[in-house]
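Open the structure in a viewer and keep the sequence panel visible. The stops below say what to select and what is found there.

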Amino acid sequence: MAQTTTDETAVTARRAVRVSVVDDHESVRLGLKAACIDAGFDFVLAAASVQEFIDTLDGRQNDVVVLDLSLGDGSNVTENVKRVQATGSAVLIHSIADRVVLVREALAAGAAGVIPKSSATKTVMSAVEAVAHGDVLNNLEWATAIDADRDFAKAQLGRREREILHLYASGLPLKLAAKQLGIGYSTAREYLDRIRLKYVEVGRPAPTKVDLLRRAVEDGILPGLDPDSVDGR
């Protein structure tokens, strides 16, 4: 039985990344489809709108949907991201990334990251694979969207709270994070509860560990997006 479980895990690990594309430009759809197939991904479908994507999905599963930021049907960015997520897929925004308000809106809705249409095909495919494996894209487009939004309120975390969030969001179990900082598990849990409360207070709730990871990256507590905010205090 144990051997069967191991074999099943190995098969899952080798399964090709399942990708779809939603873009209202046929040339972009065709180009991304070809690139995904060439990269060894399992290409599911291409659609000109989120509605078309949902109508033709027919129960098939995706790991990542590469979604254009602004579609020609006048649809809403937030609604598009959430509708795609509701199918069980992560969302990678593929955009010219010159409208930071819309980029920010997509990220706030839960998009896993943004990749510019000007990026090399290899870079786009690497971003697809990263998102498929649950990684957070730490790139300039995300940072610009955050920095440009004056309404993006940061939670005012204390030194210990930042330390706990850094360790925990990096993947360390809370018990081990507490041990590394020389504090008790119950104290670490209190810090974590306080962190979540502070994010709720600024309108950026983080109920799950993935949400906390996103907040840590957004606020520069983990490297990549806003390093100037990490002043060691």
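**Arginine 215 and its surroundings**

Begin by selecting arginine 215: leaving aside residues up to four places away in sequence, arginine 215 touches Tyr199, Arg204, Pro205 and Ala206. Show those four partners together with the arginine. The helix that holds arginine 215 is α11. Is arginine 215 buried or exposed? Arginine 215 counts as buried because its relative accessibility is 10%, and the limit for buried is under 20%.

**Confidence along the chain**

Before going further, note that this is a predicted model. Colour the chain by pLDDT: the average is 81, and 79% of the residues score at least 70. Now select residues 1–13, where pLDDT is below 50 and the model has zero contacts beyond near neighbours in sequence. Select residues 225–233 next; pLDDT stays under 50 there too, but the model has 21 contacts beyond four places in sequence for this stretch. Where pLDDT is low, the predicted coordinates should not be read in detail.

**The largest pocket**

Return to helix α11 and show the surface. The largest pocket has a volume of about 430 Å³. Its lining is made up of 26 residues, and those closest to the pocket centre are Gly110, Ala111, Val210, Asp211 and Arg214. Which elements each supply at least two residues of this lining? Select β4 (90–95), α5 (100–109) and α11 (209–218). Of the contributors to the lining, α11 gives the most, with six residues.

**Charges over rings**

Select lysine 209 and tyrosine 168. The charged end of lysine 209 sits over the ring of tyrosine 168, at 4.3 Å from the ring centre. For another such arrangement, select lysine 175 and tyrosine 185: here the charged end of the lysine lies over the tyrosine ring, 6.0 Å from its centre. A search for aromatic pairs gives nothing to select, as the structure holds zero of them.

**Aspartate 58**

For the last stop, go to the loop between α3 (50–57) and β3 (64–68), where aspartate 58 is placed. What is the phi of aspartate 58? Phi is near 55°, a positive value in a residue other than glycine. Aspartate 58 counts as exposed because its relative accessibility is 70%, and the limit for exposed is over 50%. Set beside the starting point of the tour, aspartate 58 is exposed, whereas arginine 215 is buried.

Key:
Residues are numbered from 1 along each chain as its sequence is written. This is a predicted model: local features need pLDDT of at least 70, side-chain atom pairs count only at pLDDT 80 or more; totals for chains, interfaces and linings use all residues. Side-chain values use heavy atoms; hydrogens and water are left out. Helices (H or I, at least four residues) and strands (E, at least two) are DSSP runs, numbered from the N terminus. Buried means under 20% relative accessible area, exposed over 50%, partly exposed in between (1.4 Å probe, protein chains only). pLDDT is the predictor's confidence in each residue, from 0 to 100. Contact means heavy atoms within 4.5 Å. Rings of Phe, Tyr and Trp (its six-membered ring) pair if their centres lie within 6.5 Å; planes under 30 degrees apart count as stacked, over 60 as edge-to-face and the rest as tilted. A charge sits over a ring if NZ of Lys or CZ of Arg is within 6 Å of the ring centre and within 35 degrees of the ring normal. On a 1 Å grid over the protein atoms alone, a cavity is a set of points where a 1.4 Å probe fits but cannot get out, and a pocket is an open set with protein on both sides within 12 Å along at least five of seven lines; lining residues have an atom within 4 Å of a point. Grid points are joined across faces, edges and corners, and a volume is the space filled by probe spheres set on the points.
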